[in-house]
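Student: Please take me through one helix-helix packing in this model, in detail. Then place it beside the ligand shell and the sheet.

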Amino acid sequence: MSKPHVVIEWNDTETDAKGWLVVHNFVKGYTGGGTRMHPSVTKEEVIRLAETMAYKYVACESDTTGGCKAGIAYDYKAPDAYDVLRRFLIAMMPYIDTGVSLGADLGTNYEDILNIFNEFGIDIPLTPSMKNDLSVLKGIKQFDDLLETRVDGIPLNDVVTGYGVAFSADEAWKFKNGKDEAKVVIQGFGSVGASCALKLYELGYQVVGISDANLLVTCDEGLDVRKLFNHKNEHGEMNQHYFEPHYTVMSNTEWLDVDCDILIPCALEDVINQSNANIVKASLIVEAANIPISTEGDEIIQKRGIDVVNDYIVNIGATRFSEAVIFGLIDSNPKAVVDDIEKLCRKNTHHLFTEAKRQNRYQKDVAHEIFKPEISDLLEFSKPYEYLT
Ligand SMILES: NC(=O)c1ccc[n+]([C@@H]2O[C@H](COP(=O)([O-])OP(=O)(O)OC[C@H]3O[C@@H](n4cnc5c(N)ncnc54)[C@H](O)[C@@H]3O)[C@@H](O)[C@H]2O)c1
């Protein structure tokens, strides 16, 4: 792991919340990443997540953005979670207003972040030169308009990442010549997990297990994902009232016990680790969550010959969506956005699996070479500072 470029620590004045902003690298003075809120967030985790973002922008074929991440150690369900998020973002505003583009992540939502930015006259955070670039300003307007649109009845921003994960999973499974109607288990049913489950269901996969923060529900013949999707709450929790009588409900800690071909962690980090990597039943893991496999877990997964598609290859949807529209890489309509993500996720997954097979190496080691971020420059200042010259 290489060193992060900037690490800023924050202590809330009104609660015991703590937070960090980590910039792994700037590209042309710009960097992007989400803001996570969860009681278990640590500085080390945010550093790892920022590095993952730097790789992700390379996988997104970006030449304008480096990787960063923000994390707040606090309960995202607490009644004052919004106020804590607001105080954190205000403390980071000098960076945000100069080119640190923070979005949403686990435990936060994009609308809240945009609301707080709007209070400060900021829409999408930009560098000083981007603020004067008419094509970027037009791209932002188009991006904002697209946020109001829907695909398959779901807000576009809620489908892009999960659909991309599903396309990557499908591409990898086909590369492996996997059987039809393969069985899938998904951990997490939030923005990413729910739309990923829905797309795989539509592609003909059998989603046999889904867990959320409260429980695990399983059904060997496949769950009715559309129904579960329609009745989940804003925190990505399923409503048991709509479970079929033949479904089985268990503790969410038992998610790795469910027999499946493809395993898709879509919630927390390090959930496959030294203590449980030996019991993984799937032959393919698709890392929808960021860093869901610990370093020790990875060694076991690699030894066991289980195939893996990396987080920064599969979960690029939201990142690519904003990059491609704001910087004018694609047409500005919902179909073009989803088609673009499908194309890129399939292309990267296919390239990775082909290379890993050719070199006879573990996919994640190969991915670290293919998608390595090479650029690291500085934050852009609107006026040259005399003391820097
Ligand atoms: N939202 C995005 O566009 C996006 C993009 C890239 C990566 N990611 C990554 O995907 C992951 C999920 O993000 P999200 O935006 O879907 O978050 P979210 O907050 O919308 O959903 C999180 C889900 O995880 C569930 N969960 C929490 N604790 C759990 C547990 N112990 N067992 C099982 N489920 C549990 C919650 O109930 C919820 O269903 C994170 O790692 C995030 O960094 C998200």
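Tutor: In this predicted model, the axes of helix 7 (residues 156–175) and helix 13 (residues 334–359) come within 8 Å. They cross at roughly 35°. The crossing of helix 7 with helix 13 is right-handed. On helix 7, the contact residues are Leu156, Val160, Tyr163, Gly164, Phe167, Ser168, Glu171, Ala172 and Phe175. Helix 13 answers with Pro334, Val337, Val338, Ile341, Glu342, Cys345, Arg346, Thr349, His350 and Phe353. By class, this contact has 12 nonpolar, 4 polar and 3 charged residues.

Now the ligand. It is surrounded by 26 residues. The closest are Gly188, Gly190, Ala213, Gly236 and Ala289. Their classes across the shell are 10 nonpolar, 13 polar and 3 charged. Helix 8 (residues 191–202) gives the largest share, 3 residues. Domain 1 (6–131) and domain 2 (155–370) both contribute to the shell, so the ligand lies between them.

Last, the sheet. It is open, has 5 strands in the order 1-2-4-3-5, and its pairing is mixed. Strand 1 (6–11) and strand 5 (100–104) are the edges. Each has a single partner strand, so one side of each lacks a neighbour in the sheet. Neighbouring strands are turned by 20° against each other on average, direction ignored. Strand 3 (residues 31–38) and strand 4 (residues 66–73) run parallel, joined by 6 bridges. Thr31 stands opposite Gly66 of strand 4. Helix 2 (residues 81–91) packs on this sheet, touching strand 1, strand 2 (18–23), strand 3 and strand 4. The direction of helix 2 makes about 135° with that of strand 4.

Note on methods: Residues numbered from 1 in each chain as written. Predicted model: local features only at pLDDT ≥ 70, side-chain atom pairs only at ≥ 80, totals over all residues. Axes fitted to C-alpha atoms, helices over the stretch in contact; angles between N-to-C directions. Helix = DSSP H or I, 4+ residues; strand = E, 2+ residues; numbered from the N terminus. Left-handed = near helix turned anticlockwise from the far one by under 90°. Contact = placed C-beta atoms within 7 Å. Nonpolar A, V, L, I, M, F, W, Y, C, P; charged D, E, K, R; others polar. Near = placed C-beta within 6 Å. Domains from an automatic or database assignment. Pairing = 2+ DSSP bridges.
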